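Trainee: Could we go through this model together? I would like to know what stands behind each label.
Mentor: Gladly. Ask away, and we will set each value against its cut-off.

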Amino acid sequence: MPARLIDGKSLAALVRASLGGAVASLAARGVRPGLAAVLVGDDPASRVYVRNKVLACEGTGLRSELHEFPEDASEGRVLDCLAALNADSRVHGILVQLPLPKGFDAERVLEAVSPAKDVDGFHAASLGALVRGRPGFVPGTPAGILRMLEHAAVPIAGAHAVIVGRSTIVGKPTALLLLQRDATVTICHSKTPDLPAVCREADILVAAIGRAAMITADYIRPGATVIDVGMNRIDSRDEAARIYRGSAEKLAAFDRKGSVLVGDVHPLDVGGRAAAYTPVPGGVGPLTIAMLMVNTVGSRERRPAVC
Ligand code: GUN
C-alpha cells in the first residue's frame, strides 16, 4: 500500500480557520490579539521563518510587530525591548527567534519574556508546566506534531515513539506530550549506540536532528509513521546529487531554484517504508506557525476582561 502523506499545509489552514470565531468575537469588542517577534542578526533562515510568522498573523486577523536588531546589538538592548513588550497591553504574545547570535545568553533572554506572553513555550515556567502536565503554553513544533498525529488518526497510546534529537524546543517537549498520551518514548541522540536498530523499533519515528536526509530506509520500520522536523537548505549541487542519488528529475528542480529544502528523513526512502509521513516542505513547518497563532489567540482570551 502506498504511504499516506500527512499534509501539514492544509491542516495548518484548518487550524488557523478554526481560530476565526474567537478572532471575530474579539474584533467585535475592538480587540486584536497581537504578536511581537524579536529577530537579532542576519541569519537568512530565521528571517524567512519570522516573515512567515508575520504573514500568518495577517492571514489570521492578528496584529503583528517585528523588532529587528543587528548582529552586534547588545543583549541589554534586546532585554530592554522585551521589558517594553511585556508591559505593552496590545502585545499578547512575544517570540524571540532562535538561534541568537554568538555572545548572547539565550537562557537569560528567553527568561526575560513574561510567562503570560510566552507563546513559544520556551520559558522555564512553560516547560515546567508541561513536565507537570499542567495547562500552559506548549511549544509550536511539538504541539503541531501531536495535532498531525491526531488528525491522521495515528494510535498513540501504547505505541513506541522514538525521537531522534534531544533539543529543548522539539525533542524533549515532544517526548513529554507523547508520554502524556501514554506512548512508550525513547529519546535518541549522537551517543545512542546502533541508532538505526533503535529507530526500527518505532511505531512513531520523529526526526529532529538537523542533518539532511540522515534517516534512510534502514532506520524505518515498515508501517511506521514518520514525522520529519528537519528543514535543511541544500545549496551545493554535489550535495543535492548525493542525496537524490543522481535523479535527473530532482536535480532539474534543484537547478531551477539553485537550492532545495530537505528534511532529516531521506526523501527517496520514506515513501517505500512508512505507512504515513510528513513531507518537507509542507509538513511540520506550517503546523508550527499555526500553533503559534493558537497560542497567541489563547493568550489574549485567557487575559482578564480589561481589554
Ligand atoms: N528556531 C527554530 N524553531 C523555532 C521556533 O519554533 N521558535 C523560535 N522562536 N525560534 C525557533
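What follows is a conversation about the terms used for this predicted model.

Trainee: Let me start with the sheets. What is the order of the strands in the open sheet of three strands?
Mentor: The order is β3-β2-β4, and the pairing is parallel. The twist averages 15° from one strand to the next.

Trainee: What makes β3 and β4 edge strands?
Mentor: Each of them, β3 at 63–69 and β4 at 93–96, pairs on one side only.

Trainee: How do you know that β2 and β4 are paired?
Mentor: Pairing requires at least two bridges between the strands. Strand β2, residues 34–40, is joined to β4 by four bridges, so the pair meets the cut-off of at least two. In one of the bridges, Val 38 of β2 has Val 96 in β4 as its partner.

Trainee: Which helix packs on this sheet?
Mentor: Helix α13, residues 284–302, does, touching β2 and β4. The direction of α13 makes about 125° with that of β2.

Trainee: Thr 296 lies in that helix, α13. Why is Thr 296 called buried or exposed?
Mentor: Buried means under 20% relative accessible area. Thr 296 has 0% relative accessibility, so it counts as buried. Beyond its neighbours within four places in sequence, Thr 296 is in contact with Pro 33, Gly 34, Leu 35, Leu 62, His 92, Gly 93 and Val 119.

Trainee: And Thr 60, in helix α3: how do you know whether it is buried or exposed?
Mentor: The relative accessible area of Thr 60 is 9%, and the cut-off for buried is under 20%, so Thr 60 is buried. Leaving out residues up to four places away in sequence, Thr 60 touches Arg 16, Leu 19, Val 23 and Met 293.

Trainee: What makes the pair of Thr 60 and Arg 16 a polar contact?
Mentor: The limit is 3.5 Å between N or O atoms. The side chains of Thr 60 and Arg 16 make their contact at 3.3 Å, so the pair falls within 3.5 Å.

Trainee: Let us turn to helix α2. Why do we say that its buried residues line one face?
Mentor: The buried residues of α2, residues 20–28, are Ala 22, Val 23 and Leu 26. Seen down the axis of α2, these fall within an arc of 100°, so they line one face of the helix. They pack against α3, at 44–60, and α13.

Trainee: Which exposed residues are on the face of α2 turned away from that buried side?
Mentor: Gly 21 and Ala 28 are carried there. After α2 comes Gly 30, whose phi is positive, near 75°.

Trainee: How is Gly 41 classed, buried or exposed, and why?
Mentor: Gly 41 is in the loop between β2 and α3. Its relative accessibility is 3%, against a cut-off of under 20%, so Gly 41 counts as buried. Not counting residues up to four places away in sequence, Gly 41 touches Arg 47, Phe 69, Pro 70, Glu 71 and Pro 101.

Trainee: What is the order of the open sheet of six strands?
Mentor: The order is β1-β11-β8-β7-β5-β6, with parallel pairing. The edge strands are β1, at 4–5, and β6, at 184–188, and each pairs on one side only.

Trainee: How do you know that β7 pairs with β8?
Mentor: Four bridges join β7, residues 204–207, to β8, residues 225–228, so the requirement of at least two is met. Leu 205 stands opposite Val 226 in β8, and Ala 207 stands opposite Asp 228. Strand β5, residues 160–164, is also joined to β7 by four bridges; Ile 163 has Val 206 in β7 as its bridge partner.

Trainee: What makes us say that both faces of β7 are covered?
Mentor: Ile 204 and Val 206 on one side, and Leu 205 and Ala 207 on the other, are all buried.

Trainee: Finally, which residues are around the ligand?
Mentor: They are Lys 53, Leu 95, Val 96, Gln 97, Leu 98, Asp 120, Phe 122 and Ile 169. A backbone N or O atom of Val 96 lies 2.9 Å from a ligand nitrogen atom, and one of Leu 98 lies 3.0 Å from a ligand nitrogen atom. For Asp 120, a polar side-chain atom lies 2.6 Å from a nitrogen atom of the ligand.

Conventions: Residues numbered from 1 in each chain as written. Predicted model: local features only at pLDDT ≥ 70, side-chain atom pairs only at ≥ 80, totals over all residues. Heavy atoms only, no water. Helix = DSSP H or I, 4+ residues; strand = E, 2+ residues; numbered from the N terminus. Axes fitted to C-alpha atoms, helices over the stretch in contact; angles between N-to-C directions. Contact = heavy atoms within 4.5 Å. Buried < 20%, exposed > 50% of the residue type's maximum accessible area, 1.4 Å probe, protein only. Arc of directions from axis to C-beta. Near = heavy atom within 4 Å. Polar contact = N/O pair within 3.5 Å; in protein donor to acceptor, adjacent residues only side chain to side chain.
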